[in-house]
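I open this notebook to record what I looked up, entry by entry. The chains are shown first, and my notes follow.

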Protein chains: 2
Amino acid sequence: MTADIHVAETTSDPVHPDNRAEAFHGVRAARRSELAEDYVELIAELIHEQGEARPVDIAARLGVRAPTVTKALDRLAREGLITRERYRSVFLTEEGRRLALECRRRHAIVLRFLIRLGLDAETAERDAEGIEHHVSERTLALFAAYADRA
Amino acid sequence: MTADIHVAETTSDPVHPDNRAEAFHGVRAARRSELAEDYVELIAELIHEQGEARPVDIAARLGVRAPTVTKALDRLAREGLITRERYRSVFLTEEGRRLALECRRRHAIVLRFLIRLGLDAETAERDAEGIEHHVSERTLALFAAYADRA
DNA sequence: GTAGATTGTTAGCCTTAGCTAACTTTTCCT
DNA sequence: AGGAAAAGTTAGCTAAGGCTAACAATCTAC
């Protein structure tokens, strides 16, 4: 990266050739992990609130059907984020717990920031849900700083 | 954080039943249209910069392979956002143009906002790419206001 | 004007994420 | 304890978004 900045913008060049592609690559990567993050964060929340995370509750909160959850949980287990036994509720692995915490932190910062900025709570919640997966650590720091210094 | 502490912990309620589900629903909807928006925005850009939008350039900028672009363009055409003839470059429909403009506007606002907040240009570009699809009109207005009043 | 390079498409594969229908297991209630 | 309800799983469908390999069309340069 940084390489192609001064690559002769002569005329009808491919302009910034992979500069941009890189950004999209990053966004696509983020998109892939979003769902996993949503699940892990929600599972942590359910465990905290109700003592356990049952697929039926996950489905209800996410607004999807049970089989969708089963499949997603299989994937999370494969990826080492959760452990589970058939017909039982779900637990986070060490790594899952770590990820959940990180997500929760990001979510909280974005939410607090949006509210500080003047957004109503409900819209802030909805937007935070979407935004939290796409803010870099650097941006997050600025958000936190803004919210704190208000 | 702080939120679920005093939220009517009556007993074993389904707690906030679809309140949350709604947010996820919105996010999933946004996720579905993201790719289409990326394409349309990019196509408009290419047409503006180079006079035409060729699949090969789209692929390069997005960092994907040619057949991926062909398929995506088929979908966009089906959805009425672009028109195309085989082996020719791509044009936006009226609706496509409208969408592209809206995306461009959102992108610009988010980008300007992030930079005003103190983010470096490169990170701002990357983050804006991800964030722009998830900000409500209301948040956008606040972003714009902040950037303007600086 | 034709040969080779470039560009575009098709076919076919994989994975993810959603769904319904049908089945199994667990839980709950009498 | 036994049967109905609830929860979970499996099978099998759809569609999107990636890919490679192979083929077709277009463009370019001689």
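**Entry 1: a buried charged pair**

I began with B:Glu37, which is buried at a relative accessible area of 10%. I then looked up B:Arg106, and this residue also counts as buried, at 9% relative accessibility. I note here that the model is a predicted one. I checked the two side chains against each other and found a salt bridge, 2.8 Å from N to O. I placed B:Glu37 in helix α1 (residues 19-50) of chain B and B:Arg106 in helix α4 (residues 94-117) of chain B, so the link joins distant parts of the chain, 69 residues apart.

In chain A I looked up the residues with these numbers and found a network of salt bridges that links A:Glu37, A:Arg98, A:Glu102 and A:Arg106.

**Entry 2: other salt bridges within a chain**

How many salt bridges does the rule count over all chains? I get 28.

One of them I looked up in chain A: A:Asp148 pairs with A:Arg112, and their closest N and O atoms are 3.0 Å apart. A:Asp148 belongs to helix α6 (residues 137-149) and A:Arg112 to helix α4 (residues 94-117), both of chain A, so the bridge ties together parts 36 residues apart in sequence. Is A:Asp148 buried or exposed? I find it exposed, at 52% relative accessibility; the cut-off for exposed is over 50%. A:Arg112 is partly exposed, with a relative accessible area of 35%.

In chain B I looked up B:Asp74 and B:Arg84, which form a salt bridge with closest N and O atoms 2.9 Å apart. B:Asp74 sits in helix α3 (residues 66-78) of chain B, and B:Arg84 sits in the loop between β1 (82-83) and β2 (91-92) of that chain, 10 residues apart. I noted both as partly exposed: B:Asp74 has 37% relative accessibility, and B:Arg84 has 28%.

**Entry 3: the surface near DNA strand C**

Which residues come closest to DNA strand C? I list A:Thr68, A:Lys71, A:Arg75, B:Arg28 and B:Val56 as the closest of the 21 residues that surround the strand. I then looked at the strand's own atoms: of those that come within 4 Å of the protein, 72% belong to sugar and phosphate.

I followed this with the phosphate oxygens. For A:Thr68, a polar side-chain atom lies 2.7 Å from a phosphate oxygen of DNA strand C. For B:Arg86 the corresponding distance, from a polar side-chain atom to a phosphate oxygen of the strand, is 3.0 Å. For B:Arg54, an N or O atom of the side chain is 3.4 Å from a phosphate oxygen of DNA strand C.

By element, at least two residues of this surface come from each of α3 (66-78) of chain A, α2 (55-62) of chain B and α3 of chain B. The largest share, 5 residues, comes from α3(A). By class, I record 9 nonpolar, 2 polar and 10 charged residues near DNA strand C.

**Entry 4: the interface of chain A and chain B**

I counted contacts next: 51 residues of chain A touch 49 residues of chain B. The size of an interface is often given as the accessible area lost when the parts come together. For chain A and chain B the area buried is about 4,400 Å², with 55% of it on carbon and sulfur atoms. On the chain A side, A:Arg20, A:Phe24 and A:Arg61 lose the most area to chain B, together 14% of what that side buries.

I then looked up the charged and polar pairs. The rule finds 6 salt bridges across this interface. B:Asp120 and A:Arg138 form a salt bridge at 2.9 Å, N to O. Residue pairs in polar contact across the interface, both at pLDDT 80 or more, come to 16.

Which elements of chain A give two or more residues to the side that touches chain B? I find α1 (19-50), α2 (55-62), α4, α5 (121-131) and α6. The largest share comes from α1(A), with 15 residues. By class, that side of chain A divides into 22 nonpolar, 12 polar and 17 charged residues.

**Entry 5: helix α2 of chain A**

Last, I looked along α2(A), where A:Asp57, A:Ile58, A:Ala59, A:Arg61 and A:Leu62 are buried. Just after this helix, A:Gly63 takes a positive phi of about 75°.

Note on methods. Residues numbered from 1 in each chain as written. Chains lettered and ligands numbered in written order. Predicted model: local features only at pLDDT ≥ 70, side-chain atom pairs only at ≥ 80, totals over all residues. Heavy atoms only, no water. Salt bridge = Lys/Arg side-chain N within 4 Å of Asp/Glu carboxyl O. Helix = DSSP H or I, 4+ residues; strand = E, 2+ residues; numbered from the N terminus. Buried < 20%, exposed > 50% of the residue type's maximum accessible area, 1.4 Å probe, protein only. Near = heavy atom within 4 Å. Polar contact = N/O pair within 3.5 Å; in protein donor to acceptor, adjacent residues only side chain to side chain. Nonpolar A, V, L, I, M, F, W, Y, C, P; charged D, E, K, R; others polar. Contact = heavy atoms within 4.5 Å. Buried area = accessible area lost by both parts, 1.4 Å probe.
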